[in-house]
Amino acid sequence: MSISKVNRENNFIYLTLSLVVLLLSSALANTLPEGPITRWLFQGISLATLVVAYLSLDFGRFWRRFVAVLFALQILLNGLYASDTWAGADLVGLLLLMVFSLVAAAAAARQVLFPDRVDFNVVVGSIAIYLLMGLVWTVLYLFALEINPDALAGLTYEGWSNSFNRVLYFSYVTLATLGYGDISPQEPLTQVLASLQAITGTFYMAIVVASLISAHRWRRPDHEDTD
């Protein structure tokens, strides 16, 4: 992928595809035997996602510096975790994932929620923000489980790297307000997080629909005058 191929007409297509690959790789990592190869595969895909995000959401000097620092820190933390130099490196890496998801969602919202025109790229961008929101809450649930491993009923917590995929599933189920019931919040902290996530997911969909319809209506008079 070259920088010249990524622009404001297709940037969210690349970003969304990279996020989907990242989510699929997390599921694949849970099905493969545990070991350094599986972990390095997931970490490699995570770093590749950062590169794609760097190219897709290049909205200024701050974004470029932010992703460059995040990329360097992720490599450092991967090395520390692999060498058992620092036990907390894994959790700091989890925190970096949340920071990246928050900043990337905010950067994407500038183009998606207030578009000059609605096209396929903008619609895909709204999906990218939705995926990033699910990642943010996934990290919040994982930190809650670090405090209390019984915070989610129906889930046996075995450390965040082993439980990431199941918590990710619960996060998106809650964001979509499906509520299957196989995993449920068990204590006040996770109950509040689940409630806030369901509210955020509902309002986000309403805001996206209103924004896209509004942008489309503002464009209609221009088209009618030129016909």
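Is E187 buried or exposed? E187 is buried, because its relative accessible area is 17% and the cut-off for a buried residue is under 20%. The model is a predicted one. The protein has seven helices and two strands, and its 227 residues include 44% that are buried. The points below start with the whole chain, go on to helices 1 and 5, and end with single residues.

**Overall layout**

- Read from the N terminus, the order of the elements is α-α-α-α-α-β-α-β-α.
- Among contacts in the protein with a separation of 6 or more, 72% are between residues 24 or more positions apart.
- The protein has an accessible surface of about 12200 Å², and carbon and sulfur atoms account for 66% of that surface.

**Helix 1**

- Helix 1 covers residues 11–31 and has 21 residues.
- From its first C-alpha to its last, helix 1 reaches 31 Å, close to the 30 Å expected at 1.5 Å a residue.
- The buried residues of helix 1 are N11, F12, L15, T16, S18, L19, L22, L23, S25 and S26.

**Helix 5**

- Helix 5 is made up of 28 residues, 120–147.
- At 1.5 Å a residue, helix 5 should span 40 Å, and the 42 Å between its end C-alpha atoms agrees with this.
- Helix 5 is mostly covered, with 21 of its 28 residues buried.

**Where helix 1 meets helix 5**

- Two packed helices are described by the distance between their axes and the angle between them.
- The axes of helix 1 and helix 5 come within 8 Å and cross at roughly 35 degrees.
- The crossing of helix 1 and helix 5 is left-handed.
- On the helix 1 side, the residues in contact are N11, F12, I13, L15, T16, L19, V20 and L23.
- On the helix 5 side, they are F120, N121, V124, G125, I127, A128, L131, L132 and L135.
- The residues of this contact comprise 13 nonpolar, four polar and no charged.
- Several helix 1 residues in the contact are also buried residues of that helix, including F12, L15, L19 and L23.

**Residues of helix 7**

- Helix 7 runs over residues 188–226 and includes S211.
- S211 has a relative accessible area of 12% and is therefore buried.
- Apart from neighbours within four places in sequence, S211 is in contact with V112, L113, F114 and P115.
- T190 also lies in helix 7, and T190 counts as buried because its relative accessibility is 0%.
- With residues up to four places away in sequence left out, T190 touches Y141, A144, A151, L152 and P185.
- Of these, Y141 and A144 fall within the residue range of helix 5.
- I213 is another residue of helix 7, and its relative accessible area of 41% makes I213 partly exposed.
- I213 and V118 are 95 residues apart along the chain, while their C-alpha atoms are separated by 8.7 Å.

**Residues in loops**

- Y157 sits in the loop between strand 1 (152–153) and helix 6.
- Y157 is buried because its relative accessible area is 15%.
- Outside the residues up to four places away in sequence, Y157 touches L142, L145, E146, P149 and S163.
- One of these, L145, is 12 residues from Y157 along the chain, with a C-alpha separation of 7.1 Å.
- T177 belongs to the loop between helix 6 (160–175) and strand 2 (184–185).
- T177 has a relative accessibility of 46% and so counts as partly exposed.
- The phi angle of T177 is near 55 degrees, a positive value in a residue other than glycine.
- E187, the residue of the opening question, is in the loop between strand 2 and helix 7.
- E187 touches N148 and A151, not counting residues up to four places away in sequence.
- From E187 to L152 there are 35 residues in sequence, and the C-alpha atoms of the pair are 7.6 Å apart in space.
- A151 is in contact with E187, and T190 of helix 7 touches A151 as well.

Methods: Residues numbered from 1 in each chain as written. Predicted model: local features only at pLDDT ≥ 70, side-chain atom pairs only at ≥ 80, totals over all residues. Heavy atoms only, no water. Helix = DSSP H or I, 4+ residues; strand = E, 2+ residues; numbered from the N terminus. Expected span 1.5 Å × (residues − 1). Buried < 20%, exposed > 50% of the residue type's maximum accessible area, 1.4 Å probe, protein only. Contact = heavy atoms within 4.5 Å. Areas by Shrake-Rupley, 256 points an atom, 1.4 Å probe, with all protein chains shown as cover. Axes fitted to C-alpha atoms, helices over the stretch in contact; angles between N-to-C directions. Left-handed = near helix turned anticlockwise from the far one by under 90°. Nonpolar A, V, L, I, M, F, W, Y, C, P; charged D, E, K, R; others polar.
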